[in-house]
Amino acid sequence: MREGTLEGGRTLTVVDESAVIARVRSGEPEAYAELVRAYTRVALRAAVACGAGADAEDVVQSAFFKAYRSLGSFREGSAFRPWLLRIVVNETRNTVRSAVRMRELAGREAMLLGAAEPLIPDTADPAAAAVAGERRGRLLAALDELGEEHRQVVIHRYLLELDESETAQALGWPRGTVKSRLNRALRKLERLLPDAPEGGEDHG
């Protein structure tokens, strides 16, 4: 049994993920809506935390669509949430890369046309703009100072609240790698933030 949270703070319990997935696989595609309702909120948080910004909803829609199309390869008995979040993260990464390429192309076109400024400012930070709250903003700013692997492991463990096993599944790393990279990331965060998230027993 697993719980997901709907927009507005309401909570939905997916009684049996495996049963829902089995219904979809057996020709009941509308059952997939139960998983979408349960995990839309955490998927949006993942997309925003990873930099999707204003494109977060589009990223999540695309991720759910890709997850649906890939449901035939989903390993029976596995947890759906980390599997979905891995797709969301990959989709976000592709979207951010595409946006960077578009900005670079727009900048080159503007230069060729003699424009003084690029069409989209290079300094735009859609993730920071989308996430409210001073503390969260400070944390995200500190996360930007980390390398990609350290940033991802902190996002999954603390911002998305996945446990160590789910983080390993979502990132496609062994659990030992998750543990060691998390420890190193937290040490770096401690130097950047006096109120960095505590690592508990994992923090050594």
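Helix α8 is followed by Gly172, whose phi is positive, near 75°. That glycine is a handy place to enter this predicted model. From there, work back through the helix and then out to the whole chain.

Start with the other end of α8. Here a side-chain oxygen of Asp163 comes to within 3.2 Å of the backbone nitrogen of Ser165. Between the two ends, α8 is mostly covered, with six of its eight residues buried. The buried ones are Glu164, Glu166, Thr167, Ala168, Ala170 and Leu171. Two glutamates, Glu164 and Glu166, are on that list.

What does α8 pack against? One partner is α7. The axes of α7 (residues 148-159) and α8 (residues 164-171) come within 9 Å and cross at roughly 135°. That angle makes α7 oblique to α8. The crossing is right-handed.

Now look at the side of each helix that takes part. Gln152, Val153, His156 and Arg157 of α7 meet Glu164, Thr167, Ala170 and Leu171 of α8. By class, this contact has three nonpolar, three polar and two charged residues. An α-helix has 3.6 residues a turn, so residues three or four places apart point the same way. The α8 residues in this contact, Glu164, Thr167, Ala170 and Leu171, are also among the buried ones.

Step back to the whole protein. It has nine helices and two strands. Along the sequence the pattern is β-β-α-α-α-α-α-α-α-α-α, with the two strands ahead of the helices. Of the 204 residues, 40% count as buried. Among contacts with a separation of 6 or more, 59% come from residues 24 or more positions apart.

How values were computed: Residues are numbered from 1 along each chain as its sequence is written. This is a predicted model: local features need pLDDT of at least 70, side-chain atom pairs count only at pLDDT 80 or more; totals for chains, interfaces and linings use all residues. Side-chain values use heavy atoms; hydrogens and water are left out. Axes are lines fitted to C-alpha atoms, for helices over the stretch in contact, and angles run from 0 to 180 degrees between N-to-C directions. Helices (H or I, at least four residues) and strands (E, at least two) are DSSP runs, numbered from the N terminus. Angles under 35 degrees count as roughly parallel, over 145 as roughly antiparallel, 65 to 115 as roughly perpendicular and the rest as oblique. A crossing is left-handed if the near helix is turned anticlockwise from the far one by less than a right angle, and right-handed if clockwise. Contact means heavy atoms within 4.5 Å. Ala, Val, Leu, Ile, Met, Phe, Trp, Tyr, Cys and Pro count as nonpolar, Asp, Glu, Lys and Arg as charged, and the others, Gly among them, as polar. Buried means under 20% relative accessible area, exposed over 50%, partly exposed in between (1.4 Å probe, protein chains only). A polar contact is a pair of N or O atoms within 3.5 Å; within protein, one must be able to donate a hydrogen and the other to accept it, and residues adjacent in sequence count only if both atoms are side-chain atoms.
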